Amino acid sequence: MRNNMKRLMKTTIAALALFGAAAFASTPAQAAGDTPKPPKQSWSFSGMFGTFDRAAAQRGLQVYREVCSGCHSLRLVHFRQLAGIGYKEDQIKAIAAEVDVQDGPNDEGEMFERKGLPADRFPSPFENDKAAAAANNGKAPPDLSLMTKARFNGPDYLHALITGFAEAPSGVEVPDGGNYNTYFPGHIIAMAPPLADDGVEYQDGTKATVGQMAKDVTTFLSWAAEPELEERKSMGIKVLLFLIFFTGLLFAVKRKIWEDVH
Amino acid sequence: MSNKQMHPLIQWIDYRLPIFSFMEHELHEYPTPKNLNYWWNFGSLAGIVLVIMLVTGIVLAMHYTAHVDYAFDSVERIMRDVNYGWLMRYIHMNGGSMFFIVVYIHMFRGLYYGSYQAPRELLWILGVFILLAMMATAFMGYVLPWGQMSFWGATVITNLFSAIPWVGDSIVTLLWGGFSVDNPTLNRFFSLHYLMPFVIVGLVFVHLWALHMHKSNNPLGIDAKTDQDCIPFHPYYTVKDMFGLGVFLIFFAYFVFFAPNFFGEPDNYIPANPLQTPPHIVPEWYFLPYYAILRAFTADFFLYSYTPIAWIMTAKLAGVISMFASILLLLLMPWLDGSKVKSSKFRPVYRMFFWIFFIDCIVLGVVGGKPPEGMWIYIGQATTTYYFIHLLIVVPIVSRLERPKTPPESISAAVTQQAEG
Amino acid sequence: MSDTADPAGSAEFDEQTRRDFLFTTTGAVGAVGAAAAVWPFIDQMNPAADTLALASTEVDLDAIEEGQSITVVWRGKPVFIRHRSAAEIKAATEGDKVDLPDPATDASRVKQAKWLILVGVCTHLGCIPLGNKSGEARGDFGGWFCPCHGSHYDTSGRIRKGPAPLNLKVPSYEFLSDAKVKIG
């Protein structure tokens, strides 16, 4: 019995050592080393039982459409997917119809514009990447569909970035077209601060502070990056519970069969 | 096995194609040492993960498009639109990491208990070939989503071949199918990524065939001599393997459902941009130790000017050769280790060096993930040097000089001893 | 415990049933788990969300004048929408009484008499019949004419002459309003 305990201890220590190494190794090296870690926020969708706060996500969609969509595309999201954050079919049709989408060619061989449909994607503000760069000081604003997965600690980082614009500390020179941001690696970001208090008038009456808008748009973008999150976590709970139960049964079977050998 | 017990239909088939008596002999009555511990579960786990990767991979291939303009979007379509597509993708993605975890544990088990020693040398060698095939498969698979890391990882690793003197550049152009990693490269990687797992299946078949010739090793490292030493594989080890599978699936499921991007790189969720290099190019975690060895050879290492072949030896070439050597040297384990006793259980000095080697590999992995700056360069060089010292100096010398403890007479004697003790 | 002797082997029998129960339960639970695990692998082959999104098409009927036909694409196939004139409707209802290769009344093929909606694929071997664009041949019965093997369809889309065995298929559709129809 003691031998088994010793062996189990050794295995556990080895496993913990591995995980420690993994955790240590997985903190990304910061470029200049002095970019602070984004402060941890509490998100409705974190943890094993997380879900997307529908109201926050819908406010976030409003922030995206009224502020961000002027420069940032969201091309991996289709309007019909908005059902995932609580919109009904007629609301989705209305949102889609507000944009014009290029279609064609028609029978004359020409491209034409039509009102958006639920099956369409969110439109891009620019024709292509080069146009986007040309209109933005040489740097194309990145697509936001996967932004919270494309950055380490995505949601926290995004929230910190949007609220992290500040005056450059003394001694730091900000080149033309640049803006100082506390959390952006290298501190000089091409994007001007996008949010200002009351910049958006929320339809549900919530006060639109910069912090509130940042939280809402990050919730929306987290949904946009991982629309399957709620289904994934709920399936995960069921799978884990089943596996724990089933493995328990298998352990009993194993002991039963091995009785005569032990 | 009594023929009378077989159902007439089974008998009819078996007479013409003996699959049933084959299974009966190799999987049912197959005598296995009775003292195998849970470290022996990892072989069957590896086989099951291979099947999981094949099935999810074939499913993903139904929806994936291997063209630079469509690859990234086709993967996102799988994630968002295909029914359970996100589940297939996350199982395949995390399954790759699981495959390497299981195989590395399986290999360390072999190193600890001397499973590579006679008469199992070919079994071990086949295993190393399986590892090489897995590494090629995983490398090409990672390129397919065509994210930033896909593209730049492919660029860095294919560029390595230019270090080969005289023909290096031509080889790289051949691999690329062009003048940089581009659509021809992606297309052929997809074809080869689909092919390699079936090569692995073939290698696994031969690996198992070799295993069945002399049966499994065991924690004591002594041969199973009598019937008393063994028990039939079914039901004892089938049920133990199923239990082990249950535990493994819990571990696997946690990552798939609750931390699906833990083993990955956020940069790979950015579409590949040939005109913008990410600040830190890192391969997947299971390649990090080899990456550390590759990068340990820096340009200012003074030894280069002294080597007789300094006119073709570059830091890059030294790194490439060492990286491949770190795996190919493993093929020689059965001959590097000259001990008459197999299991580290009876070799306390060797056992200590085993653990040092294990830690060395872990540290190499950590180094591989760090940017090559400051103290990490020195740690990387030290751990790389020690890796080769272990294989080429420590193992041959300790195995031949150490006087091991005496192993017990037989497995059944040891098992009875343990029960009474 | 009781003093009486244990009746032959019943304790052993209990052990046996307990073991069997454990094995059977484990097997059954495993089978259920395996079935649940297999389903996603099969379902992933079913039409994906983006395919389903294009499974129905809405069409504006305002622009179609009387006597005019248009073609729309629905699930990858052409669909004919004809704004029938009074004369065409009369011809269609009169066709009810004729001996048809694939009998069907005109009323059973339309929801509103003036709108005829058909899948524009010939039921013979799959060509697209002519008759939708102005100037195209409409066949002997004023409906459609398939140039591949000479099938003639009438103003209700029913096969009248030629090798096609069935009438042009009527897809499922509903009127969202007088001016809008949703096909599929």
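Student: Does B:Tyr387 count as buried or exposed?

Tutor: This is a predicted model. Residues under 20% relative accessible area are classed as buried. B:Tyr387 has a relative accessibility of 6%, so B:Tyr387 counts as buried.

Student: Which geometry describes the pair formed by the rings of B:Tyr387 and B:Phe388?

Tutor: B:Phe388 is buried, with 16% relative accessible area. The ring centres of B:Tyr387 and B:Phe388 are 5.4 Å apart, and their planes stand at 75 degrees. Planes over 60 degrees apart meet the criterion for edge-to-face. The pair of B:Tyr387 and B:Phe388 is therefore edge-to-face.

Student: How many aromatic pairs are there over all chains?

Tutor: Rings pair if their centres lie within 6.5 Å. By this rule, the count over all chains is 50 aromatic pairs.

Student: What is the angle between the planes of B:Tyr104 and B:Trp285?

Tutor: The centres of these two rings, B:Tyr104 and B:Trp285, are 6.4 Å apart. The pair is edge-to-face, and the angle between its planes is 75 degrees.

Student: Why does the pair of B:Tyr104 and B:Trp285 tie together parts that are apart in sequence, and by how many residues are they apart?

Tutor: B:Tyr104 belongs to helix α5 (residues 85–113) of chain B. B:Trp285 belongs to the loop between α10 (233–258) and α11 (288–296) of chain B. Because the two rings lie in these two elements, the pair ties together parts whose separation in sequence is 181 residues.

Student: Which class of accessibility applies to B:Trp285?

Tutor: Its partner B:Tyr104 is buried, at 15% relative accessible area. B:Trp285 has 26% relative accessibility, and the class between 20% and 50% is partly exposed. B:Trp285 therefore counts as partly exposed.

Student: Which residues does B:Val282 contact, leaving aside its neighbours within four places in sequence?

Tutor: B:Val282 lies in the loop between α10 and α11 of chain B. At 13% relative accessibility, B:Val282 counts as buried. Beyond the neighbours within four places in sequence, the residues in contact with B:Val282 are B:Met149, B:Glu265, B:Leu288, B:Gly368 and B:Gly369.

Student: Over which ring does the charged end of B:Lys240 sit?

Tutor: A charge sits over a ring only if it is within 6 Å of the ring centre and within 35 degrees of the ring normal. The charged end of B:Lys240 is 4.4 Å from the centre of the ring it sits over, which belongs to B:Tyr38.

Student: Which strands are the edge strands of the open sheet in chain C?

Tutor: The sheet has 3 strands in the order β1-β9-β8, with antiparallel pairing. Strand β1 is joined to β9 (residues 180–183) of chain C by 4 bridges. Each edge strand pairs on one side only, and the edge strands are β1 (57–60) and β8 (173–177) of chain C.

Student: What area do chain A and chain B bury between them?

Tutor: In this contact, 49 residues of chain A meet 49 residues of chain B. Carbon and sulfur atoms account for 71% of the buried area. The area buried between chain A and chain B is about 4,200 Å².

Student: Which residues of chain C lose the most area to chain A?

Tutor: The contact takes 14 residues from chain C and 12 residues from chain A. Between them the two chains bury about 1,100 Å². Together accounting for 39% of what the chain C side buries, the residues that lose the most area are C:Leu22, C:Thr26 and C:Val29.

How values were computed:
Residues are numbered from 1 along each chain as its sequence is written. Chains are lettered from A and ligands numbered from 1 in the order in which they are written. This is a predicted model: local features need pLDDT of at least 70, side-chain atom pairs count only at pLDDT 80 or more; totals for chains, interfaces and linings use all residues. Side-chain values use heavy atoms; hydrogens and water are left out. Two strands pair if DSSP finds at least two bridges between them. Rings of Phe, Tyr and Trp (its six-membered ring) pair if their centres lie within 6.5 Å; planes under 30 degrees apart count as stacked, over 60 as edge-to-face and the rest as tilted. Buried means under 20% relative accessible area, exposed over 50%, partly exposed in between (1.4 Å probe, protein chains only). Contact means heavy atoms within 4.5 Å. Buried area is the accessible area (1.4 Å probe) that two parts lose on being put together, summed over both.
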